[in-house]
Each structure stands twice: as C-alpha cells, then as structure tokens.
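Biologist: I should like to learn how to read a model of this kind, feature by feature. Where would you advise me to begin?

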Amino acid sequence: MALTTVPVELANLDGAVTVNESSADVDFRIESNGNANMLFVNGGNDQVGVGADPSALFHVTHGGGGFDEVARLTSVANSSGDGAFLGFHGNSTSKFYGFI
C-alpha cells in the first residue's frame, strides 16, 4: 500500500478530510467485506457509485439475486404531519414524486 504525505490543512483535527483538493483525474474507492467497489467516486467523470463503478451521476447497483432491499428512505413527520418526498425529474415537463 502506498502512502502519501499531505499538508496538515487537508486533514483537520475536527475530523474533516479533503480528498483530491487539486481536482486530479483520480478515482476514490472504499471496499467492504464482499464488494471491492462498495463506494466508488469516479474522479474523471464526476460520478458516484454504490456497489459498482458508476455509469451515471449517482449509480446504485445491487449484485444479489431475488428481491433484497436495495435502498431505504425514512421520513419522520414534523408536528404538522409533513413528511419528506423523493422527486424524479426527467426534464422540465416530466416529473414524478414519490411521497414517503
């Protein structure tokens, strides 16, 4: 494993970490126990993948079979009963909202 020394201002003592401050065309990847691309940031294409090298701005891939849960969005209503919504936009005339 190669380690690179970085200036102290890139790794703050409050826990914040900046990766690729110079905007180099490099990827960032985090492995899990069963997936080499559990979190994958494609630096050259400005894309983020969960479970795979992304092919869209935000790409989630589930490699298992069957109908396993892939994502979960949880909304907690405020005192007036308002919850959250998830919006899908294809273009300015095509919109879909899924309320949770």
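Modeller: Let us begin with a hairpin. The model is a predicted one. In it, β2 and β3 form a hairpin with four residues between them, and Asp46 in that turn has a positive phi of about 55 degrees.

Biologist: How should I read that phi value, and is Asp46 buried or exposed?

Modeller: Note first the residue type: Asp46 shows this positive phi although it is not a glycine. Its place is in the loop between β2 and β3. Asp46 counts as exposed because its relative accessible area is 59%, and the cut-off for that class is over 50%.

Biologist: Which residue outside this turn has a positive phi without being glycine?

Modeller: Ser23 is such a case, with phi near 60 degrees. Ser23 lies in the segment before β1 and, at 62% relative accessibility, is exposed.

Biologist: Let us turn to the strands. What secondary structure does the chain contain?

Modeller: There are six strands and zero helices, so the pattern read along the sequence is β-β-β-β-β-β.

Biologist: How do I read the way in which strands are joined?

Modeller: The general idea is that strands of a sheet pair through backbone hydrogen bonds, in either a parallel or an antiparallel manner. In this structure an open sheet of four strands has the order β1-β2-β3-β4, with mixed pairing. Its edge strands are β1 and β4 (58–60), each of which pairs on one side only. From one strand to the next, the twist averages 10 degrees.

Biologist: Which pairs of strands are antiparallel, and which pair is parallel?

Modeller: β1 and β2 run antiparallel and are joined by three bridges; Phe28 stands opposite Val41 in this pairing. β2 and β3 also run antiparallel, with four bridges, and Leu39 has Val50 in β3 as its bridge partner. β3 and β4, by contrast, run parallel and are joined by three bridges, with Gly49 opposite His59 of β4.

Biologist: How can one strand present two faces?

Modeller: Follow the side chains one by one. Along β2 they alternate: Phe40 and Asn42 point to one face and are buried, whereas Leu39 and Val41 point to the other face and are not buried.

Biologist: Let us take Phe40 as an example. Why does it count as buried?

Modeller: Phe40 counts as buried because its relative accessible area is 8%, and the class requires a value under 20%. Phe40 belongs to strand β2 (residues 39–42). Leaving aside neighbours within four places in sequence, its contacts include Phe28, Arg29, Gln47, Val48, Gly49 and Pro54. Pro54 is 14 residues away along the chain, yet the C-alpha atoms of Phe40 and Pro54 are separated by 7.2 Å.

Biologist: Gln47 appears among those contacts. Is Gln47 buried or exposed?

Modeller: Gln47 is buried, with a relative accessible area of 14%. It is found in strand β3 (residues 47–50). Apart from residues up to four places away in sequence, Gln47 touches Phe40, Val41, Asn42, Pro54, Ser55, Ala56 and Leu57.

Biologist: What share of the chain counts as buried?

Modeller: Of the 100 residues, 9% count as buried. Among contacts between residues at least 6 apart in sequence, 3% join residues at least 24 apart.

Biologist: How do I read the surface, and which residues make a nonpolar patch?

Modeller: Consider the total, then its local features. The chain exposes about 8300 Å², of which carbon and sulfur atoms supply 56%. Val17, Val19, Phe28, Ile30 and Leu39 make a nonpolar surface patch of about 410 Å². Within that patch, Phe28 is found in strand β1 (residues 28–30) and is partly exposed, with a relative accessible area of 35%.

Biologist: Finally, how many salt bridges are found in the whole structure, and which side chains meet in a salt bridge?

Modeller: A search of the whole structure finds one. The side chains of Arg29 and Glu31 meet in a salt bridge at 2.7 Å, N to O. Arg29 is partly exposed, with a relative accessible area of 41%, while Glu31 is exposed, at 51%.

Terms used: Residues are numbered from 1 along each chain as its sequence is written. This is a predicted model: local features need pLDDT of at least 70, side-chain atom pairs count only at pLDDT 80 or more; totals for chains, interfaces and linings use all residues. Side-chain values use heavy atoms; hydrogens and water are left out. Helices (H or I, at least four residues) and strands (E, at least two) are DSSP runs, numbered from the N terminus. Buried means under 20% relative accessible area, exposed over 50%, partly exposed in between (1.4 Å probe, protein chains only). Contact means heavy atoms within 4.5 Å. Patches are made of residues with over 30% relative accessible area and no salt bridge: like charges are joined within 9 Å, nonpolar side chains (Val, Leu, Ile, Met, Phe, Trp, Tyr) within 5 Å. Accessible areas come from the Shrake-Rupley method with a 1.4 Å probe; for residues, only the protein chains shown count as cover. A salt bridge is a side-chain nitrogen of Lys or Arg within 4 Å of a carboxyl oxygen of Asp or Glu. Two strands pair if DSSP finds at least two bridges between them. Axes are lines fitted to C-alpha atoms, for helices over the stretch in contact, and angles run from 0 to 180 degrees between N-to-C directions.
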